[in-house]
Amino acid sequence: MSHTSPPTGPAHGPQLAASWSDWIGDHTTALIGIPLRIALIVVILLVVRVVAKRAITRVVQRVLEPSAGETDRSRPRRPTRGAAVLHRDRSRARQRREQRARTIGSVLSSAVTIVLFMVGVAMVLDQVGIALGPLLASAGVVGLAIGFGAQSLVADYLSGLLIMVEDQYGVGDSVDLGEAVGEVEHVGLRLTHVRDLNGGLWHIRNGEILRVRNDSQEWARAVLDVAVAYDANLDTVYRVLEDTGRALRQDPDFEDLLLEDPAVWGVQSLDADGVLVRLAVKTVPLQQWGVTRELRRRVKDALDEAGIDIPFPQRTVWVRTDAPASESGALTR
């Protein structure tokens with residue numbers, strides 16, 4: 001057997017150079033075209049991300065701008081007791097708006113980043129020549145497993161996002177979430193913090209909130225039930241209550257808190273001790289309790305001035321004076 005080695009003479013140099021040039025020509029697309037396309041994809045995605053974040057930031061800033069109503073309501077009040085009781089820090093409304101806007105903006109920015117990252121990875125893999133079908137199938141299986149394992153966490157985040165988008169409640173609102181009743185101190189994507197009347201702080205998962213009663217949206221109503229004696233003239237009672245309500249509406253310390261004149265709804269019930277008459281008035285949110293307290297004090301003074309008695313529990317005691325002698329003797333022993 002004879003072994004032949006490749007020729008290494010000077011005549012074969014041009015052949016080697018031609019083979020290298022042919023190889024570079026054949027792989028020019030892989031060496032230059034693919035990196036350029038990948039770089040172009042990355043640049044385009046970065047530009048889209050910057051534009052999207054700027055748009056989200058502008059939306060958040062527009063939401064954070066104070067409304068005309070807040071600037072018009074900044075006139076000072078007289079430092080009376082009633083105004084001090086009913087006064088509410090208007091910065092809480094701005095705090096609620098800021099928290100809601102910044103949270104939604106953060107969620108939108110994160111969502112845009114994740115979507116663009118996934119799109120970019122898919123486009124880069126397609127340029128490299130990696131099949132996306134098996135990867136997508138594997139990602140689907142992994143996502144399904146994570147969804148089953150963390151479905152409660154996903155439900156909390158989705159519920160928190162919907163709560164903020166729909167503005168069901170926010171910081172400073174007085175809400176009833178079932179066992180937790182009080183003032184909202186924080187609203188996050190996963191948890192809601194509620195401070196109850198006794199000072200306890202409740203941590204409620206957003207996914208467990210099935211219904212919400214919000215006492216702080218748009219308007220509220222102060223309802224006062226006044227009990228009078230059966231021998232009282234109801235027409236006089238109605239007149240006294242209406243005059244008291246109008247006087248409260250005309251008070252400079254309360255005129256901004258009442259949205260309408262108090263109205264007497266009539267006899268609410270006939271109790272064993274007296275007649276119950278209902279007085280109601282529409283107020284601004286979260287001021288109904290203070291208005292009710294002030295209205296109750298003024299109604300009591302007005303009823304006393306008009307000579308109308310507020311009834312007290314009645315009890316009738318029957319005493320037998322014709323008891324038999326045997327029973328009376330037994331009682332005296």
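Which residues form a nonpolar patch on the surface? They are Ile-114, Phe-117, Met-118 and Val-121, with about 430 Å² of accessible area together.

Before going on, I should state that this is a predicted model, in which local features need pLDDT of at least 70 and side-chain atom pairs count only at pLDDT 80 or more, while totals for chains, interfaces and linings use all residues. Residues are numbered from 1 along each chain as its sequence is written, and side-chain values use heavy atoms, without hydrogens or water.

A patch joins nonpolar side chains within 5 Å, or like charges within 9 Å, from residues with over 30% relative accessible area and no salt bridge, that is, no Lys or Arg side-chain nitrogen within 4 Å of an Asp or Glu carboxyl oxygen. Areas come from the Shrake-Rupley method with a 1.4 Å probe.

Within the patch, Met-118 belongs to helix H5, residues 91–128; helices are DSSP runs of at least four residues, strands of at least two. Met-118 is exposed, because its relative accessible area is 56% and the cut-off is over 50%.

Let me turn to Leu-286, in the loop between strand E8 (275–283) and helix H9 (288–306). Its phi is near 70°, a positive value in a residue other than glycine. Leu-286 counts as buried because its relative accessibility is 15%, and buried means under 20%.

Finally, the second largest pocket has a volume of about 310 Å³. Of its 11 lining residues, the closest to the centre are Ser-174, Gly-182, Glu-183, Leu-197 and Trp-289. Strand E2 (181–187) gives the most to this lining, with three residues.

Technical notes. Buried < 20%, exposed > 50% of the residue type's maximum accessible area, 1.4 Å probe, protein only. 1 Å grid on protein atoms, 1.4 Å probe; cavity = no way out; pocket = protein on both sides within 12 Å on 5 of 7 lines; lining within 4 Å. Points joined across faces, edges and corners; volume = space filled by probe spheres on them.
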